[in-house]
Amino acid sequence: MPTEGNRRPGDSHNDLSGSSRDVVQAGSVTGDIHFHRVAATEPSRPVPRQLPADVNTFVNRTAELGRLNAVLADRNARRSGAFVHTVAGTAGAGKTSLVLHWAHQVKDQFPDGQLFVDLRGYDPGDPVTAAQALQRFLRALGLAAAEVPQDVDDAAAMYRSLLADRRVLILLDNAATVSQVRPLLPGAGDSLVVITSRNRLASLSVRDGAQRITLGTLPGPEAVALLRAVTKGYRPEDDAAELAELARLCAHLPLALRIAAERAASHPHMRLDDLIGDLRDESALWDALSTGIDEEDEAIRSVFTWSYRALPAHSARLFRLLGLHPTGEFSLPVAAALGELPPSRTRRLLDDLVGAHLLEQTAPDRFQFHDLLRAYATDLVQAEESADQRQAARRRILSWYLHTADAAQSWLYPSEEHLPLPDPLPGITPLVFADYNAAVDWSEREHINFLPAVRDAARNGLDRTAWQLAALLWFARPPSSSERDWLELGRIGQEAAARQDDHGARCRLLINTSIAHRALNNFSEGLDALEQAVALARSSQNRVDEARALNLIGLIHLRRRELDLAESHFTHALSVFRDLGDSRRVATALSNIAGTRLSAGRLSEAASVIDEALAAQRALGSRGGEGNLLRIAAELRLEEGDTDAARRSIDEALDIALTLRDHTREGFWLLTLGDIQRGTARYGDALTSYQRSAMLHRRLGDRSREALAWRGTGLTYAALDRHDEAAAFHRRAAAAHRDLGDTWQLALELDHLATAVHAEDPGAARAHWAEALIHLSTYTDPRAASVRSRVEALVARSAER
């Protein structure tokens with residue numbers, strides 16, 4: 001460790017093997033405890049505030065707002081089960097605007113927050129699935145990424161559990177099918193769900209008791225009022241009859257009305273009658289070309305075209321090219337790449353489109369389409385740009401994403417080898433980042449576009465770009481994201497690499513896939529991916545990739561505590577790395593061997609490797625690798641009883657973590673610091689270290705290490721003779737290890753739990769020890785044998801009493 005190809009820098013085999021935790025004896029209290037255990041293990045529940053901004057110049061819809069208010073009043077009075085309401089209506093009728101405006105008025109009545117998702121049910125691209133929405137909601141409700149179940153039914157069950165005692169407003173926007181929303185409905189509880197859709201979603205009413213509000217077009221006077229509200233201050237008082245005619249041509253649809261009003265406002269000296277004449281001509285053309293679509297759809301298209309044709313040529317071209325972006329949400333630099341224009345010029349064109357109400361600006365440099373407008377832009381680009389021009393535009397987008405992701409990797413994973421890339425296409429200026437935080441900020445903002453971009457490349461025959469982008473995004477994803485998020489990118493990338501018969505690319509992606517599965521405790525899937533990688537590497541005589549895969553197979557065996565198998569694979573990989581003169585990976589394999597031997601309790605053998613590995617990491621200037629070896633050395637010294645040397649090593653390691661601003665390393669290494677502090681009777685300091693470790697690991701989504709922080713807390717409370725509190729922490733840790741299927745850590749936790757409850761409930765303690773022995777029976781290494789022998793003696797003594 002650091003392990004080859006790890007998702008996070010410094011991520012280890014996650015097997016602390018109970019080393020110092022099992023052999024250090026507690027001393028006496030030396031001072032006051034300033035540790036708030038609730039903050040460490042039961043952080044205050046997050047309150048999501050996901051509502052987009054309220055709609056400007058919202059007018060009318062008083063009857064519908066009254067019905068929504070009545071829904072809430074009824075909900076407050078009855079408080080019996082979750083309420084579901086749908087707002088159905090034609091495209092452009094203002095369903096989202098209505099619901100958002102109402103939600104902002106009532107949000108204070110939902111103290112546990114508001115959840116919002118645009119399901120993109122009618123978007124030209126792929127809709128948001130229920131599984132994807134559940135992942136977002138569960139994280140917003142406080143779950144770490146690793147805690148979110150992969151199965152949609154399991155995730156929905158957890159979602160219902162989290163909402164059972166909360167009062168949350170849930171807005172599900174642009175749903176196309178019942179299957180998109182049903183898993184997102186809470187069960188019992190006091191939450192309220194409002195769904196917008198162009199469909200009636202009738203089965204929600206039948207099966208789930210949903211009530212429906214149907215949103216029609218605006219009545220004539222209200223349509224005129226909306227036109228006046230948008231143009232107020234820009235034009236003199238327009239004639240009411242002319243405004244009524246303009247509203248009629250817009251089919252009284254709010255989206256069309258706003259676009260028409262924006263155009264009128266931007267031409268304050270142009271007679272409204274002339275604008276109406278232009279729109280009437282456009283409408284007549286659409287009537288002639290009508291294919292029998294709804295009157296509202298024809299009106300929408302007429303207004304869109306009327307507004308589009310009024311744009312300057314460059315603005316119009318950028319609008320239609322934006323229809324090629326993989327999603328409806330994009331940044332200024334991406335738009336510049338699409339349009340082959342400098343950012344300053346692109347900004348002016350985007351301002352034109354926002355001013356025409358053809359785009360919405362969501363942040364200083366970010367924009368999004370209404371789904372109808374995106375569909376319109378997609379049609380335009382198909383009609384007005386040649387196939388070669390469209391493909392060239394896609395290549396520009398993807399070139400920008402490739403090279404910007406590569407720049408992000410330089411900050412997020414600076415020690416990892418970069419993928420050889422072609423030069424950026426002419427005119428493409430990828431982003432550069434001033435620091436680590438800037439790279440993370442970009443990754444988090446663009447994360448929504450990563451999978452669609454890879455999918456778009458593969459769909460359009462750009463296989464090399466598809467697998468390259470998938471491989472790059474392994475290192476350029478947000479640090480807070482789950483490995484699960486990358487698996488679909490990896491699958492698409494592997495298929496693209498296979499179509500190119502590129503064994504090296506397939507091997508790279510299989511290796512990353514295995515690491516993702518290992519992080520998710522999918523060990524069988526991880527081994528399957530690595531076996532494929534080994535076969536590919538051997539067929540192409542790529543000894544480096546073969547050794548990398550062998551090293552990773554060793555890590556899976558280590559996670560399973562198959563220590564002999566783990567060391568065998570590490571040793572094989574080490575031999576190859578030495579033959580190839582790959583000093584960085586030699587140091588990695590040595591680190592993994594040292595950790596394996598320490599886990600097994602073979603202290604002298606671990607010590608013989610630590611010094612060599614530490615020297616190798618220092619020679620390479622690998623600060624993270626050096627810190628990890630210092631952590632291993634600290635645990636070894638603690639087991640040997642040299643607490644002063646242990647403390648010096650772990651302090652040096654933590655200084656490295658803080659210098660690197662690396663929370664993964666800091667959180668992991670704080671566990672060892674807490675053990676040392678507990679072993680020297682500095683209980684207050686130990687509790688503080690465990691508290692921060694638990695907090696960091698919860699934020700990072702590492703349930704196993706968070707549970708290890710709970711273990712340390714429990715052992716510290718046991719040393720303080722606060723056995724009830726100790727038992728509570730051990731129970732929580734045992735539950736986490738049981739959920740993760742980690743029988744070794746579960747056995748250790750049951751041992752600690754038995755010790756904590758023995759004085760009050762010897763029968764329960766005996767049961768815990770008996771279960772621990774069952775789990776320990778499969779492990780044969782020296783440490784496991786020692787633990788098993790001790791627990792057997794405890795069971796025997798408890799049976800005699």
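What follows is a walk through a few local features of a predicted model, starting with its open sheet.

The sheet has five strands, and going across it the order is β2-β3-β4-β1-β5, with parallel pairing. The edges are taken by β2 (114-118) and β5 (211-215), each of which pairs on one side only. Ignoring direction, neighbouring strands are turned against each other by 15° on average. As background, strands in a sheet pair through backbone hydrogen bonds, in either a parallel or an antiparallel way. Inside this one, β3 (residues 169-175) and β4 (residues 192-197) run parallel and are joined by five bridges. To pick out one residue, L172 has I195 as its bridge partner in β4. Helix α4 (residues 95-106) packs on the sheet, where it touches β1 (83-89), β2, β3, β4 and β5. The direction of α4 makes about 170° with that of β3.

Next comes an arginine in a loop. R235 sits between α9 (220-231) and α10 (240-249). Despite being a loop residue, R235 counts as buried, because its relative accessibility is 11% and the cut-off for buried is under 20%. The side chain of R235 makes a polar contact of 2.9 Å with that of D238. Leaving aside residues up to four places away in sequence, R235 also touches A264, A265, H267, P268, M270, R271, L272 and L275.

Two loop residues turn up with an unusual backbone sign. Most residues other than glycine have a negative phi. D501, which is not a glycine, nevertheless has a positive phi of about 55°. D501 is found in the loop between α21 (483-499) and α22 (503-519). A681 is the other case discussed here, with a positive phi near 65°, and its place is the loop between α30 (663-679) and α31 (683-700). How do the two fare for accessibility, buried or exposed? D501 counts as exposed, because its relative accessibility is 56% and the threshold is over 50%. A681, on the other hand, is buried, with a relative accessible area of 9%.

Finally, the cysteines. How many disulfides does the model contain? The count comes to zero, with the criterion being a pair of cysteine sulfur atoms within 2.5 Å. Buried cysteines do occur: C250 has 0% relative accessibility, while C507 has a relative accessible area of 1%. Both values fall under the 20% limit, so C250 and C507 are classed as buried.

Definitions and conventions: Residues numbered from 1 in each chain as written. Predicted model: local features only at pLDDT ≥ 70, side-chain atom pairs only at ≥ 80, totals over all residues. Heavy atoms only, no water. Buried < 20%, exposed > 50% of the residue type's maximum accessible area, 1.4 Å probe, protein only. Helix = DSSP H or I, 4+ residues; strand = E, 2+ residues; numbered from the N terminus. Polar contact = N/O pair within 3.5 Å; in protein donor to acceptor, adjacent residues only side chain to side chain. Contact = heavy atoms within 4.5 Å. Pairing = 2+ DSSP bridges. Axes fitted to C-alpha atoms, helices over the stretch in contact; angles between N-to-C directions.
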